[in-house]
Amino acid sequence: MDATQRTIQLLLKPGQHDGEGQRVAEAASRHLGLATGRVQSTALYTVRYPVSDEQLRDFATRCLQDPVLHEVALDEFRHGADYKSYILVAKLPGVTDDEGISAQNALGDFLNEPLDTHTQHIFSKRLYFLEQELPESSLRRLAEELLGNKMINRFEVGPIAQIRDYTPRPGGGAESITDTVRLVGLSDEELVKLSKDNLYALNLEEMRAVRDHYTSIQAERQAAGLPQDPTDCELEIVAQTWSEHCKHKEFSAVIKYRDADTGEEFEVDSLFKTYIKNATSEVDRQLRANGNDWLIKVFSDNAGAVRINPESLFVWKVETHNSPSAIDPYGGAITGILGNNRDPLATGIGGARLLFNTNVLCFGNPEFNGTLLSNQLHPRRIFEGVRKGIEDGGNKSGVPTVNGAIVFDDRYAGKPLVYCGTGAVMPMQLAGLDSWEKKIDAQDRIIMAGGRVGKDGIHGATFSSIELDETSPATAVQIGSPITQKLAMDFLILATRRGLIKCSTDNGAGGLSSSIGELATISGGAVVELEKVPLKYPGLRPWEIFVSESQERFSLAVEPAKMDELLALGREMEVELTDIGYFTADGSLDVRFDGKSVARIDMEFLHNGVPRKVLEAEWQKPAAQEPAVEIRQNGVETHICVSPLNDQSRAIWASNLSNDETQICVSTTDVLFKLLGSLNICSRESVIRQYDHEVKGRTIIKPLMGATGQAPQDAAVVRFNFESWEGVAVSNGILPRFGDLDAYDMSAGAFDEAVRQIVAVGGKLPNLSYGDGNFWSVNDNFCVPDSVYDPATNPDGKLKLAKLVRMCQALRDATAAYCIPLTSGKDSMKNDFKADGVKISVPPTVLYSMTAKIEDVRRTITSDFKQADDVVYLLGETYDELGGSEFYQLFHELGANVPKVRFEEAKALYTLMGQANDQGLIQSCHDVSDGGLAVALAEATFGYGFGAEVELPEGLPVSVQLFAESHSRFVATVAPEDVVAFEQHFGPRATRLGVVTQDSQLTVRHAGQTIISASTAALRHEWTNGPVNRIIGFGQHAEA
Amino acid sequence: MEGQQPRTTTQQPVQALILTGFGINCEEEYAAAYRLAGAEATIVHLNEVMHGHVSIHDYDILNFPGGFSFGDDLGSGVVLANKLRYRKNAAGRTLLDDIREFIANGKFVMGICNGFQVLVKLGLLPNLGGDVTPEVTLTHNASGRYEDRWVRLKVNPKSNSPFLKGIDSLEVPVRHGEGRLIIKGEETLAEIEARGLNCLAYTDYDGSPTDVYPHNPNGADLNCAGLTDTTGQVFGLMPHPEAFLSLYNHPDWARRKRQNPGLSEEGDGLKLFRNIVEHVQGQRQTVPQEASQFSS
């Protein structure tokens, strides 16, 4: 053992339950088939701070040890007598170690010495002992797959007699060198190679543009004493700024679109401008014409903002963090959340108060049992890691996770999609200024606040702009520290209210390069002194300091006169603030290290020099076919018989095959059970309950409600404060499978799904009356596979791009139809995973994340039935639209008739619903979506155990009536005394289905036959014990 | 004795001090609870107290909210408790010294969730020996996981704490991963029970204390959800009463309201805060002389 470092080990006392050890043993057996015997878990703290023996012992026993639970071992690795193997899990150099830092905090308090917590003196590790003597390869596998991630952890394993310790020694070696990169005179091939080798993620044309720029300014640079070729830092800055992640080059491209079926051709001059920005401008015009001027900030700054009332703004942002989550699911998700939190926090002047988080996740099948590709993580592991990241990211920040969605599809097995959304509230005025404006003048200081800079996250922006393969860089992984960010957040809230900050921005993708680069466009330039940037450890090159994406950092613009007060507040609140330069107006971004130039770039070239892409799109309707479906009466039971086009189904349903073996026949009741237990419909309770969904005490509609706490809800509702009943509804619309039939209908459907969820809980469409002030704020998030055509590597690129165009067209149409504005959005364009010659691409996916004002949260509506004898209605119309349904999915069929949104009819219905809610006519309301009417009816019984007796009308086949996923529909209940008024109000838009019953039975009849008969307890049991809760596991008291 | 509070009069509102900073995150709803109960609530960063800018002695009730103080990395509440116990101010006093004096002055201390964990790790609860040595601990739930779910609590009729006066039972959410109370030794356990310091118990639907999951969400000894010290002035609990201030926090509010349109819009949790605010007001009205004796 190193003489200068000491070790403290905490072990559970005999008789104390080792829950962690037990879970490791169970998981090793269940997931890896490894018999470990008992596992003992212990905590290790390595102290590299000079302490006496007595101080070490006292620190260990008084500060680290829980006297009830632990025993302490000093400078030894103590273990039970029966153990044979060990696994040590340490962190790699520079990886965030909150536990070590906390211990260091405690040591400083204990010694009453100021102990700089930014330099690491204590390192936390876990040391496990296993009863069985396992070979090193098995131990290493256990360590890498269950205990940590080789991207962030260092493992030592082996027989217990030879325990090797490891303590990271970060940094050292590299000097503050700035190199130039030869560019002028390079050939095309050399340019492409340079971009790939250095992970610039720039294509040939972009590289040429950079080269030509430097060729053209040779004389100027020479005159200024600068090298002819760009410096490494300059090229990095250009690469970050021009990355797809930051510049949205494909959304800004010229697209030549052709419809192969009709021969129609047209050109799109920027998807963003044509379908998103212009559509929102038109909506804003209509809103303003009708006295609704609540749209304050759209498509600029870190998040969009709308006005709640004369005092406050609602700020709303949703982003993705897909690539990092594929490599390190926990780290990817937690930094996704914390990073997205920083967007509303740093909008305008900054200092919004976070109100809620929401998350939408897309994973491969967690029960996948095939062979994984190189460096591909198992979908179950991605799921569990991401879930834990969201738990820690939200819970430890004190931001409630109020709702979300999880979508499973095998095509997300390469790259998962991790969407993180955050809503926040900001005063309209901060210290007398408009809070949403960003103002900077030359000579204002640049302050970096929060965490320090390390090598973590270098190249995140460019990395997320390329597809993943087996060589993806480890440095792109970052670990979030919620506690560091919470401190910075508390500080920002106070400092902005005291008028100490002129404006702020988040250090996310691209790090300082991106945040200062963007802020500098306001004043017209900046000088950055990189030697002042506080580092986690030495050994970073200047360009690395400038582009590092180390987390939990903000860049602030501060008037020189406010500096003293600001720095004093930082000291009081223990938030590190560093003056790293100042803004200028000379048109250049000037980066220096110890006075020497590291980069000097013309701002105009940096922000507007990127060449526009020209892309090709070609749409062809897929050849799709409906399987034959027949309803057959089998004695008292009704059977649905499907003739699958797809052979896969037969084996799975073998026991349900009919005599002639061409059809699969299943009782209608069984179909409902199967749907409730299917991956995309079953309960997510085990996930939801591990998120704090009600911290802040303002969550009015939570993800699960009712007396049972198991009735799923449509939109979340959160009140803004404790002084009024105003609040906001939050919903998410995402329907990737429909995109296999038509991406237009998929996108339109997802938009409608999010709207109708908000309508279901009692939200009203915007702009229905003059000056109603009923804000809506929507974020669009496109996640698509590589859609740039290449005959060799991406032969169907034109079709993929055509799908994207159609998704955008639907977005424009939906926005116009409902008069609902987009306020912010993001696109993630390369969601492909390549390894071993195989490519896994996500299906083109769009998520619409919606928020809408709720005037009085006390009048909102939940989905569960409220009282026996209430009358059950279907609102809206069902069409012959089983295409893409969960019902067809049970039979591995896609079908052809994709559900369409009929915007006019939908809008009329939603308007009627708003009026009905004003009169209090609706007692419960549940949106009809995955699984159709049958599933919606079943779910509405889950809150209390009421039943329902339902009679389906004549007309469409019962398979369609029960399971079609036609849009813009609801199951609503009405008190008996309101039935007349309700029916008069809705007219033909409401179909009376039956009544709520006391008897806990769901009975559905059609034409005199009972087609579904089931106990609601059994239905809820099936739903609750579905695959998601089985995989994540239910809570239960472990055996001692 | 140092740090005397100014003499209060009956006209002044009851003053609640709510600490925040370093990962505490339930301070806003905590303050709302006191305001709804008629008190004045002040939220201050812990360092303002540590550095002597704010004195706890100017307040009637000192409150430790929930959250993840210092990330809970060393065990929940540990680092914060450690800071209060060891970090000395310029005058060489720790905040624990001040808190002990505050309690000796007849004032009240409350901790919720992470705040309760701090009071336990600090030895202020249950403090049977009177020397603030930890006698019990709160550790990982028996389920091994963090959970947010609603539970029913029964108030121990033996409890002497003014926080719980007149309350038999209440519903509240738990939101924790380390709420399992473990009591060291049979003697300690017997004394806690004998003195009624286990003031709150998790119960089943019928109101009987239970160790069955999920009614008892963490497997606590004595099915215990909250503790007081022997004076009843120091009170802590794992569940969140400040998260049930209005009817509309409850997961079943919509059905209950339908069943009973006249249902009160106040949540169960608010009762605790009304209790302590009324108690402090009552103390001032009935025994102003006695209250002043405590302070010297």
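**View 1. Ile640(A) sits across from Val666(A), its bridge partner in S27(A).** This is a predicted model, where local features need pLDDT of at least 70, side-chain atom pairs count only at pLDDT 80 or more, and totals for chains, interfaces and linings use all residues. Residues are numbered from 1 along each chain as its sequence is written, while chains are lettered from A and ligands numbered from 1 in the order in which they are written. Strand S26 (residues 637–643) of chain A runs antiparallel to S27(A), and 4 bridges join the two. A quick word on terms: helices (H or I, at least four residues) and strands (E, at least two) are DSSP runs, numbered from the N terminus. Two strands pair if DSSP finds at least two bridges between them. Strands of a sheet pair through backbone hydrogen bonds, either parallel or antiparallel.

**View 2. Step back a little and you get an open sheet of 3 strands in chain A, in the order S25-S26-S27.** The pairing here is antiparallel. Strand S25 (628–634) and strand S27 (664–667) of chain A are the edge strands, since each pairs on one side only. On average, neighbouring strands of this sheet are turned by 25° against each other, direction ignored. Helix H21 (residues 668–676) of chain A packs on the sheet and touches S26 and S27 of chain A. The direction of H21 makes about 90° with that of S27(A). For these angles, axes are lines fitted to C-alpha atoms (for helices over the stretch in contact), and angles run from 0 to 180 degrees between N-to-C directions.

**View 3. Strand S11 (residues 234–237) of chain B is covered on both faces.** On one side you'll find Val234(B) and Gly236(B), on the other Phe235(B) and Leu237(B), and all of them are buried. Buried has a cut-off: 20 or more other C-beta atoms lie within 10 Å of the residue's own, whereas an exposed residue has 12 or fewer and a partly exposed one falls in between, with C-beta atoms placed from the backbone. Strand S4 (residues 108–112) of chain B pairs with S11(B) in the parallel sense, over 4 bridges. Val109(B) stands opposite Val234(B). Strand S10 (residues 224–228) of chain B runs antiparallel to S11(B), joined by 3 bridges. Here Thr228(B) has Phe235(B) as its bridge partner. The hairpin of S10(B) and S11(B) has 5 residues between the strands, and in this hairpin Gly232(B) takes a positive phi near 80°.

**View 4. Chain B meets chain A through 54 of its residues, in contact with 58 residues of chain A.** Two residues are in contact if their C-beta atoms, placed from the backbone, lie within 7 Å. Several elements of chain B each supply at least two residues to the side that touches chain A, among them helix H1 (27–36), strand S6 (147–155) and helix H7 (253–259). The residues of that side of chain B divide into 22 nonpolar, 16 polar and 16 charged. In this count, Ala, Val, Leu, Ile, Met, Phe, Trp, Tyr, Cys and Pro are nonpolar, Asp, Glu, Lys and Arg are charged, and the others, Gly among them, are polar.

**View 5. Domain 1 of chain A touches domain 2 of chain A with 7 residues, which are in contact with 13 residues of domain 2.** Chain A is divided into domain 1 (6–162), domain 2 (173–269 + 438–610) and domain 3 (628–682 + 861–1032); these bounds come from an automatic or database domain assignment. The side of domain 1 that touches domain 2 is made of 3 nonpolar, 3 polar and 1 charged residues. The C-alpha centres of domains 1 and 2 lie 38 Å apart.

**View 6. Asp82(A) lies in the loop between strand S3 (70–74) and strand S4 (85–91) of chain A.** Is Asp82(A) buried or exposed? Asp82(A) is exposed, because there are 10 other C-beta atoms within 10 Å. Pro538(A) is 456 residues apart from Asp82(A) along the chain, and their C-alpha atoms are separated by 43 Å.
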